[in-house]
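Dear colleague,

Please find below the structure that I am handing over to you. A summary of the findings follows it.

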Amino acid sequence: MTAPWVAGVAADHPFGVDNLPYGAAVIGGVPSVVVRIGDLALDLSSVGAALRPDLAPLVAGPVLNPLLATGPQIWRELRGALRSWLVDDAYRPAIEPHLHPLDQLSLRLPFAVGDYVDFYASEHHATNVGRLFRPDGEPLTPNWKHLPIGYHGRSGTIVVSPTGIGRPSGQVRGSEMPTFGPSQGLDFEAEVGFVLGAATSPGVPVRLDQAREHIFGVCLVNDWSARDIQSWETVPLGPFLAKSFATSLSPWVVPIEALDDARVAPPARDVALLPYLDDATSEPWGLDIELSVEINGAQITRPAFATMYWTAAQMLAHMTVNGASVRPGDLFASGTVSGPSPDQLGCLLELTRGGSVPLRLADGTERSWLADGDEVVIRGWVPATSGRPELGLGEVRGRIRPAH
């Protein structure tokens, strides 16, 4: 594929024609569906009717859900058309008027979120947390290597980067009685999210080999967590108010097709899996995605998604095996991405050992947990290969506001 004619977009740009993530923006006061090329956004809501009237209703805006509903054949067809429009000079007169600098646009949540599920798919994260909470026991629970553990979140509090995050209040453990007040244990969680389309009927599970039919694309996720509220409320039922106050998404959804050559084998399985999760002979669904996390402009960790024990295909198979259906706009996230080394931990819970060993920031201040005014930025990318430049996933950022 030759470099695009779009002015200022280099062939090795992380948002070049090998990427083309989708988003949503307000253009001229109108909510529109866009695709990113370099540091520009192509207004699909305007250009679609002129170039592909048959596909135009799917990208007419204000969100991606009509496109999500169609399925992989149309997803590939539209992506192929976009690549042609951006490398063939014959389309330039039709395309160029609908390109807008990103720094002049207000980006929106790219899709209307349906159901939201958050998993716990990193063995390294689960092991580290288990050692903190059960120092005298086995770090992993007996079920952990038999199924992807997860919980249903609250889709109504999912926000787009860079929306500010209000410090939540709730009950926390006290010496005799619980107390109520603003969380003093606010944390980030560096995660990868998967956007779903192509609805299924209730009662029909999605098999491992059907994952491509339903996973539309990938985005970055910060599933903010109030650890003090979480430790009091979690036993015996699991995450609730400590997680539901806010989850941040990056504004760009990278098509899963763009990540085809980023596929890697997942870690070796040392426990036999039930047939519906057994991926020994399936196409690999591990992904070579690198993440970085900054607090107030200073990088503090570099988690590696390739180390995740459970894959996106397995997570999707498990969350539908009971007959739960898929709807366009459903979202599931990986849970905290952590690697095997100390510089690959995906949350402050791990980095500060439950708040007991404060993290020193570049400005000399220390953090056990996030302070008011702190800004967390999670970035993601797929490393370059010999035949393809680095692919950007963008960033998800949020600044902590004081409690109401």
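An open sheet of 5 strands, in the order β9-β26-β25-β20-β21, has mixed pairing; two strands pair if DSSP finds at least two bridges between them. Its edge strands, each pairing on one side only, are β9 (165-166) and β21 (298-301). Strand β20 (residues 290-295) runs antiparallel to β21 and is joined to it by 3 bridges. Glu 294 stands opposite Gln 299 in β21. Strands (E, at least two residues) and helices (H or I, at least four) are DSSP runs, numbered from the N terminus.

Please note that this is a predicted model, in which local features need pLDDT of at least 70 and side-chain atom pairs count only at pLDDT 80 or more, while totals for chains, interfaces and linings use all residues. Residues are numbered from 1 along each chain as its sequence is written, and side-chain values use heavy atoms, leaving out hydrogens and water.

The largest nonpolar core (buried Ala, Val, Leu, Ile, Met, Phe, Trp, Tyr and Cys residues joined through side-chain atoms within 4.5 Å; buried means under 20% relative accessible area with a 1.4 Å probe, protein chains only) has 70 residues. Among those touching the most other members are Phe 188, Trp 224 and Ile 289. Helix α8 (residues 312-320) supplies the largest share of this core, 6 residues. Apart from it lies another core, of 38 residues, including Leu 20 and Val 113.

Finally, the buried residues of helix α3 (residues 72-87) include Pro 72, Trp 75 and Trp 85.

Yours sincerely

Conventions:
Expected span 1.5 Å × (residues − 1). Buried < 20%, exposed > 50% of the residue type's maximum accessible area, 1.4 Å probe, protein only.
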